[in-house]
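Me: I am new to reading protein structures and would like a close look at a single part of one. Could you begin with one residue and then walk me outwards from there?

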Amino acid sequence: MTLEVEISRARPVAGREADPLPDPIAGRGVDRTADRITELERRRMRAVAANGPRRRGEYSARERIDLLLDAGSFTETGLFVRARPAGDGAGRPYGDGVVTGYGTIDGRAVCVFAQDATVFGGSMGEAFGEKTLALMDLALKTGCPVIGLNDGGGARIQEGVTSLALYAELVRRNVQASGVIPQISVVLGPCAGGAAYSPAITDFTVMVDGASHMFVTGPDVIETVTGERTSAEELGGARTSNTVNGNAHFLADDEVNALDTVRDLLSYLPANNLDRPPQYAPGAAPTGLCLDSVVPDRLGQAYDMRDILRAVVDDGELLEVQELFAPNIICALALVEGGAVGVVANQPLYAAGVLDIDASEKAARFVRFCDAFGIPLLTFADVPGYLSGVRQEQAGIIRRGAKLLYAYAEATVPKVTVVVRKAYGGGYAVMGSKHLGADINLAWPTARIAVMGAEGAVGVLHRRELAAAADPEALRARLVTAYESTYGTPYLAAERGYVDAVIAPRDTRAHICRALRALRGKRAPMPERRHGNIPL
């Protein structure tokens, strides 16, 4: 009988272990090394064979790892770890439902774990948890990113409080690693209950459209408790998580696309907080678009801020983070002269680029990530201010909008800001202003830096004159023109040093490149403290 036939017959079914293989060494008078090596291979092959795809056309845990890592680079840890006895007659499969180990992506070291839904539904038991914690500890000690491929059923009911304890231990490791090594979660199936909180703490979450689900309480329980009827897709599907609640950062078409996204994302990130971001050969400056003509002459007319960003970064390439959530602000990773930068920009195509609760929280988290890992920040401002209204006020725009103010003021990485058009009120202050610690601030001639727009300002300042005027519309037009010529320019800010230079739009990339070069050696000592108290 061939080894392959033996392995196929030994495959566990539904989380139960097959009858143990006989020990080929037992009963022999001579303890031969060759026999022990043969036994090692039998056990290794059996452990590997325990992990197969759950459904036809789906990848197994090890196949997913192979797709993610450089070919032949994976070294598995804990291969012979076995599930603890659960007391319910279940078997003790090797690996206990998770594959852990280390390898490389584009030649750079990473640690990775992949949950296996074919073993106890991918639920976390004691051995499963201990393997995952050991991998997290290894990633922290070696200073390399950790990637989790999630496809499991949460806590293992059979193991009771032990499973819950290990989830809490995993979250503690996530917190210890936060800001020290990049943490990326890929949700490739269900991720429910306590299991959902670990990805929420990691830096980035990738989900697969139509296949991934992430929620605390499932549809059946919700219907039982509240009477509400919903589906897993509506409740916490990949599209919901990317567009409605912002729990995910990237939406992938399929598993291969999800893993490619991880590889792309890591190409912008340092291995840890003590390393510099990777440096590549400078990319080409994009051609074909003259920035002098991007901003419309009419103030209220929208344009796509991405046209400006692509004309500034290397090869016109942006990796947008949370592209489908709070689209009124853009957060993206890019390269400038081969070095990674984090880009934050208002998007006039959506709600005129206004800052609301979702946009503020989205940008604040991105700014803090970039600051934690030494990635310079490049900000493009065209913002009418914070969004007003009863719903925003009652939902906490003051507290939650302050997160972005806090994040920019806290950040010590090089910060370069370009004011493109509107920079009104609190929007001017928060979007990388000098007053929050920006290093180099540039403005286009089209910039309007003021407390508010001309129409609103004239209405407040000249209310009585307008009410008494014979032709209030004609008077309003004259006052608006006068206000625009005096306050609706970047030159008052430049006179006070709040703007370092007013530049022609076509020269923006050149100025940004010079600024980032000058700021490479930036030092920004901070007061000694445990940590700040961001308004969460």
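Where is the place of His249?

Reply: Happy to help! Keep in mind as you look that this is a predicted model. His249 has its place in the loop between helix H9 (238–243) and strand S9 (250–252). Being in a loop does not leave His249 out in the open here: its relative accessible area is 8%, so His249 is buried, the cut-off being under 20%.

What surrounds it? Setting aside residues up to four places away in sequence, His249 touches Asp203, Phe204, Thr205, Asn242, Val321, Gln322, Glu323 and Arg365. You can pick these out one by one in the 3D view.

Let's stay with loops for a moment. Ala326 is found in the loop between strand S10 (319–320) and strand S11 (329–336). Although Ala326 is not a glycine, its phi is positive, at about 45 degrees. Ala326 also counts as buried, since its relative accessibility is 7%. A little further along the chain, Glu337 lies in the loop between S11 and strand S12 (339–346). Glu337 is not a glycine either, yet it has a positive phi of about 50 degrees. With a relative accessibility of 19%, Glu337 counts as buried, because the cut-off is under 20%.

Now step back to the whole chain. The chain holds 20 helices and 17 strands. Its C-alpha trace spans about 110 × 55 × 45 Å along the principal axes. Of its 536 residues, 51% count as buried. Among contacts with a separation of 6 or more, 73% are accounted for by residues 24 or more positions apart.

With that picture in mind, look inside. In soluble globular proteins, nonpolar side chains tend to be buried together. In this chain, the largest nonpolar core has 57 residues, and those with the most contacts inside it are Ile147, Leu149, Leu269, Leu404 and Met431. Helix H12 (residues 357–372) gives the largest share of this core, seven residues. Another core lies apart from that one; it has 30 residues, among them Tyr303, Ala334, Val343 and Ile503.

Leu404 is a good place to zoom in. Not counting residues up to four places away in sequence, Leu404 touches Leu355, Ser360, Ala363, Ala364, Val367, Val430 and Met431. Met431 is one of the residues with the most contacts inside the core, as is Leu404 itself.

Ile147, another name from that list, leads us to a strand. Cys111 is found in strand S3 (residues 108–115), and Ile147 is one of the residues in contact with Cys111. Leaving aside neighbours within four places in sequence, the others are Gly101, Tyr102, Leu135, Leu138, Ala139, Cys144, Pro145 and Val146. Cys111 has a relative accessible area of 2%, so this residue is buried. For a sense of distance, the C-alpha atoms of Cys111 and Leu291 are 43 Å apart in space, and the two residues are 180 residues apart in sequence.

Last, let's visit a pair of helices. Two packed helices are described by the angle between their axes and the distance between the axes. For helix H16 (residues 454–461) and helix H18 (residues 472–487), the axes come within 9 Å and cross at roughly 115 degrees. The crossing of H16 past H18 is right-handed. On the H16 side, the contact is made by Ala454, Glu455, Ala457, Val458, Gly459 and Leu461. H18 contributes Arg476, Leu479, Val480, Tyr483 and Glu484. Sorted by type, the residues of this contact are seven nonpolar, one polar and three charged.

Which residues of H16 are buried? They are Ala454, Ala457 and Val458. These residues cover an arc of only 100 degrees around the axis, so they sit on the same side of H16. The cover over the buried residues of H16 includes helix H17 (463–468) and H18.

Val458 shows this on a small scale. Its relative accessibility is 1%, so Val458 counts as buried. Apart from neighbours within four places in sequence, Val458 is in contact with Arg463, Leu466, Arg476, Leu479, Val480 and Tyr483. To place Val458 in the whole chain, compare Thr38: the two are 420 residues apart along the chain, and their C-alpha atoms are separated by 88 Å.

Technical notes. Residues are numbered from 1 along each chain as its sequence is written. This is a predicted model: local features need pLDDT of at least 70, side-chain atom pairs count only at pLDDT 80 or more; totals for chains, interfaces and linings use all residues. Side-chain values use heavy atoms; hydrogens and water are left out. A nonpolar core is a set of buried Ala, Val, Leu, Ile, Met, Phe, Trp, Tyr and Cys residues joined through side-chain atoms within 4.5 Å. Buried means under 20% relative accessible area, exposed over 50%, partly exposed in between (1.4 Å probe, protein chains only). Helices (H or I, at least four residues) and strands (E, at least two) are DSSP runs, numbered from the N terminus. Contact means heavy atoms within 4.5 Å. Axes are lines fitted to C-alpha atoms, for helices over the stretch in contact, and angles run from 0 to 180 degrees between N-to-C directions. A crossing is left-handed if the near helix is turned anticlockwise from the far one by less than a right angle, and right-handed if clockwise. Ala, Val, Leu, Ile, Met, Phe, Trp, Tyr, Cys and Pro count as nonpolar, Asp, Glu, Lys and Arg as charged, and the others, Gly among them, as polar. The arc is that of the directions from the helix axis to the C-beta atoms.
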